[in-house]
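Good morning, and thank you for joining this group meeting. Please look at the sequence and the structure as they appear on the screen.

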Amino acid sequence: VTVRRRASEVAASVAALAVALVALLALGWSGSPVRLHAPGAALWAGIAAVVAVVELQRARGDSGRSFLASAALCLALVALVEAAIVFVSFAPCGSTCI
Amino acid sequence: VQHRVSSYLVGETDTGVLGRAIALAARHLTVLLLAYGLVVAAIGAVQLDRTINGAADGLNSERQGGMFASMDVVDAHGPPLTGLDSAGNSSSFYPVALDDDRGTFIYIPLLAHYAGTHDLNVLLKWFFICFFVPLLLVYPLLIYGVTDSVVAAGAAPWILLSNSSFFRTSGIFWIPAWANLLLLPLLLLIAKRWRPNLLWALVALAVLGSFASSMRANAALGFVGGAILLVLLRLPRWSLRLAGVALIALAYLSISSFAIHAVQVQRDAVVGHDFTSPYPNGHPFWHNGYIGLGYLRNPYGFRPTDAGALAAAHRQDPGARFPTKRYERALRTVYLDTLEKHPWFVVHGWIVKAGVMLGLVAHWYPFAVLLVPLLLLFGAERRQRRFQFSLVVFAGLVGAATGVFTLPTEIPEIQSGWYGFGLFLWILSIGWAARPAEHWAVAYLRRRGANRQERLRQLPPSWAPALTRVWWQVRRGVVGTRAGLRLVSTRAATRAVESARGLRKLRTLSRLALAAAVVAGVFLANSSGRVTDASAAYWANEANLVDAASIQGTLVSRWQLDQGVPQGWHEFARAVERREGELLVRTRPSKYGLQLSSPPRVLEPGHYVVAVDGSVGAGGLQVAAADAPLDATVAYAFYSAHAPFADSRRMALSFDLAKPTRVSILLSNFSVLAHSSTWTLRSVVLRREPGGCQLNLPSAYYTPTTAVAE
């Protein structure tokens, strides 16, 4: 979506937002229909963050697209923090626990 | 900004040492405040390190046990939130902190693992210092940013440091206070310098709040309420507002709910057992609510104890085990049923507890209670202050709700958030009050050299003229009201009411009346709250009276008190008087002060019952059995004047002895407010029951550590 962004101006930002939201909820929300482990959540959150940064570079400063990209970046960072808490909690336990 | 520009101008208009010093300080104020914060933080760190002894004292043995168990497992490279139960050759994992907020049970064992120590006092002390000292560092800058007051910025870290003694040894219960003290000024700073981009700063702070809430439930909920209000007020479109609210809410749930749940699910995958889904994600809610129902003396059998809540849940659902979700559902049903059947009892309890909570603020911060209503109702900047107050008041509501729903006991475990809110409000009110005075002082210095008339004419609004204005407004209000009343009596009433000037004066008067009513109400709540809390403490602690006929067993000793204090007894009471076959005792006012004690007597191992024939006229009585040589308490029971005394009922105490022990019977004052009590006593009887405890009394089992020499 990011590469073919001509199809829609905001599509990449919306996609990044959705991916970040999934990464956030799928790791820790007890009612989530999708389940992710911490590495998966961190990976998807990282992808969402990269797309959001690219979008932020391309969007005009005060546009709706810029707001969506900022929101996506924000959610992706929150999801990364969430995954980091899980990683750190299991750090003494080692990689087998994660 | 105006304040600082004025300060620069002092140096330009006054080239003396003072003027130049003020201008220099104003130019480098940020650096100066940061340096000042650094000095205070260094002093604070040293002082906290020296004064905090027993940082784990605030945690009960169950919490400490959970942390130690988790430390052992983490050190053995096991999963977090787990203990290891070893029996013989087999061992099995068990979950820890099932009835608590999980965050600290993750972070403290991790800290212990990397620090290489299991000394909980040391760990919790440094955990507190690491969070609290940065607060001292940034507070001068933060408070100056919020209030523009150098006085408040200078005083703030010292006020923080001196008031931290309430929670510094509370284990982990200082977290809500810390969250309020850090996040509320940041919220006000964001509100003051608002730009739409600062939404992202709010989200970041919500994540920090979520981290705090993972250690203590809803620690930063008040901040989130204020942040949501700010977003709703300041963002331009509804779509943006809703998006902003959703982002803040998600950020607030990110660690406290999502990450903690993810850690538990991962832990379950490692140990191969579901320890997560049967239990709530934090500490039990309805369990604490049920305990709160028993705060006031009531005929429905609610007692403010864990045992009472467990029994109620068992009656509602015999299969409900503490602290499962099923247990919580059972108590929720009990609570809501009570609310439906006895709504006034529940609501009355909430109102009384809210009064006690309000009174605590007057007890902690009396000057804030005087200042805040006046500053919110008067002054040129009152609207700005009201806006700031509306943003932070959510934190107060959340803090107060904790005590209203559970118990308003003055302990950090319950009061931390409320205490932190009050402390921040106290610092904020100092800034609100000091700012106009500082503004005036700076402008005064600017005008040095001009003649007095010139100076006074050009001075900006300040407290002194403002107070004079208030006085004249009040005076005009009084005169105007008198004139209005005269008008009503002489002319048509409508003309007086329609007078706009009259209304303005009335408004000033009504504001003053409102401020006075708020202040008086809070101070009244303080005095009445202490009495209410004392009454609740009697109710929480007092034992049931026992039917005299049910006390059986071999007579060991009988002391008749109707003829006076028996021979061999020691008397420490304020006054003892024989009256109509009874002994009237007026105690000394100390809280648990000993009033009468029997001569010690060696008792063989077995089960014993002490029965006191008499009643409590005012205050309370503690009957205790003490190991005389060791001065250690074997068992005790409390009775208060509220108990249903009758000739056929006795105040009773039961205990078991494992070895021969030299025992004295002690009668002590039991006065929560350290007042004198009044008792009427007839006899004290000690019996030995051969078949163990026959009464419905809790029995203490006592093993002396030294042998008795006859």
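**Chain A, its interface with chain B, and a strand of chain B**

Chain A has three helices and zero strands. Please keep in mind that what we are viewing is a predicted model. Read along the sequence, the pattern of chain A is α-α-α. Along the principal axes, the C-alpha atoms of chain A fill a box of roughly 45 × 25 × 20 Å. Chain A contains 98 residues, and 46% of them are buried. Now consider the contacts in chain A with a separation of 6 or more: residues 24 or more positions apart account for 61% of these.

Let me turn to the interface. How many residues of each chain are in contact with the other? On the side of chain B there are 30 residues, and on the side of chain A there are 27. The area buried between the two chains is about 2,300 Å², and carbon and sulfur atoms give 80% of this area. In chain B, the residues that lose the most area to chain A are B:Trp200, B:Phe258 and B:Gln266, which together make up 25% of what that side buries.

Which elements of chain B give two or more residues to the side that touches chain A? They are α5 (103–115), α9 (199–215) and α11 (238–271) of chain B. Of these, α11(B) gives the most, with 16 residues. Sorted by class, the side of chain B that touches chain A has 22 nonpolar, seven polar and one charged residues. Across this interface the rule finds zero salt bridges. The rule does find four residue pairs in polar contact there, with both residues at pLDDT 80 or more.

Finally, I would like to direct your attention to another part of chain B, namely strand β10, residues 606–618. Why is β10(B) described as largely enclosed by the rest of the structure? The reason is that 10 of its 13 residues are buried, where buried means under 20% relative accessible area.

Which strands pair with β10(B)? One partner is β13(B), residues 649–657, which pairs with β10(B) in the antiparallel sense over seven bridges. In this pairing, B:Val610 of the one strand stands opposite B:Leu653 in β13(B). Another partner is β15(B), residues 678–689, and here the antiparallel pairing with β10(B) runs over 11 bridges. B:Val612 stands opposite B:Val684 in β15(B).

Thank you for your attention.

Technical notes: Residues are numbered from 1 along each chain as its sequence is written. Chains are lettered from A and ligands numbered from 1 in the order in which they are written. This is a predicted model: local features need pLDDT of at least 70, side-chain atom pairs count only at pLDDT 80 or more; totals for chains, interfaces and linings use all residues. Side-chain values use heavy atoms; hydrogens and water are left out. Contact means heavy atoms within 4.5 Å. Buried area is the accessible area (1.4 Å probe) that two parts lose on being put together, summed over both. A salt bridge is a side-chain nitrogen of Lys or Arg within 4 Å of a carboxyl oxygen of Asp or Glu. A polar contact is a pair of N or O atoms within 3.5 Å; within protein, one must be able to donate a hydrogen and the other to accept it, and residues adjacent in sequence count only if both atoms are side-chain atoms. Helices (H or I, at least four residues) and strands (E, at least two) are DSSP runs, numbered from the N terminus. Ala, Val, Leu, Ile, Met, Phe, Trp, Tyr, Cys and Pro count as nonpolar, Asp, Glu, Lys and Arg as charged, and the others, Gly among them, as polar. Buried means under 20% relative accessible area, exposed over 50%, partly exposed in between (1.4 Å probe, protein chains only). Two strands pair if DSSP finds at least two bridges between them.
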